[in-house]
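The exercises below concern the fold of a single chain and the confidence of its model. Each task is followed by a worked solution.

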Amino acid sequence: MEKGMISVDRWSEQSQAYFLTHLHADHTNGLSSKWSKGPIFCSPVTAKLFPFKFPGFHLSLLTVLEIGISHLISLVSPSTGLETSVHVTAIDAHHCPGAVMLLFRGEFGCILYTGDFRWESTSERANLGKNTLVNALMGDKVDFIHLDNTYCNPLYSFPPREVVAHQVHFHMCFFFFFFG
Ligand SMILES: [Zn+2]
């Protein structure tokens with residue numbers, strides 16, 4: 001994809017369309033309530049949370065991407081000046097509320113931008129996300145993948161979600177027993 005058309009979780013460069021995968025601070029660095037560079041596409045939940053993170057933000061700049069639905073966006077190729085169509089589909093990333101992966105399809109091929117995501121082979125939600133991706137590909141394959149591997153570092157070893165939930169529950173009970 002040509003530079004200057006689409007930015008994902010990057011706010012410093014000039015683009016025709018901006019995409020936000022989720023609202024964690026390391027993905028919104030450079031975004032502010034005074035944003036005016038261009039339209040921002042995000043998931044329905046992220047759009048709902050947006051005013052809490054950026055009070056006073058001009059909400060008309062937000063366009064909601066329903067999960068699993070292909071959205072057509074018309075952009076202009078910076079090199080040829082010709083209009084080009086880009087199909088984008090948001091896929092549940094199983095990360096924080098509203099977090100999505102983004103699949104872009106166009107003359108450039110298929111690009112999957114993962115953002116932060118969680119994958120557990122036994123998770124029904126992750127499998128739903130996989131099905132959404134397969135459906136959005138419509139028989140094509142992913143040509144390029146922007147993989148966010150921040151948490152692949154062995155420093156970060158997360159236990160399965162159920163274990164964490166159990167531990168949190170235990171600590172909460174402990175807290176209320178002694179301090180409640
Ligand atoms: Zn995150």
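**Exercise 1.** Determine the order of the elements along the chain, starting from the N terminus.

*Solution.* Step 1: the elements run β-β-β-α-β-β-β-β-β-α-β-α from the N terminus on. Helices (H or I, at least four residues) and strands (E, at least two) are DSSP runs, numbered from the N terminus. Step 2: the chain comes to three helices and nine strands. Residue numbers start from 1 along each chain as its sequence is written. The model is predicted, so local features need pLDDT of at least 70 and side-chain atom pairs count only at pLDDT 80 or more, while totals for chains, interfaces and linings use all residues.

**Exercise 2.** Describe the open sheet of five strands and name its edge strands.

*Solution.* Step 1: the strand order is S5-S6-S7-S8-S9, with mixed pairing; two strands pair if DSSP finds at least two bridges between them. Step 2: strand S5 (70-76) and strand S9 (144-147) are the edges, each pairing on one side only. Step 3: neighbouring strands of this sheet are turned by 20 degrees against each other on average, direction ignored. Axes are lines fitted to C-alpha atoms, for helices over the stretch in contact, and angles run from 0 to 180 degrees between N-to-C directions. Step 4: helix H2 (residues 124-137) packs on the sheet and touches S5, S6, strand S7 (100-106) and strand S8 (109-115). The direction of H2 makes about 160 degrees with that of S6.

**Exercise 3.** In which sense do S5 and S6 pair, parallel or antiparallel?

*Solution.* Step 1: S5 and strand S6 (residues 83-92) pair in the antiparallel sense, over seven bridges. Step 2: Ile73 stands opposite Val86 in S6, and the bridge partner of Leu72 in S6 is His87. Step 3: the two strands form a hairpin with six residues between them, and Gly81 in the turn has a positive phi of about 75 degrees.

**Exercise 4.** Assess the confidence of the model by element.

*Solution.* Step 1: the mean pLDDT (the predictor's confidence in each residue, from 0 to 100) of the chain is 86, and 82% of its residues reach 70 or more. Step 2: among the elements, strand S3 (residues 40-42) has the highest mean pLDDT (98) and helix H3 (residues 161-179) the lowest (53).

Methods: Contact = placed C-beta atoms within 7 Å.
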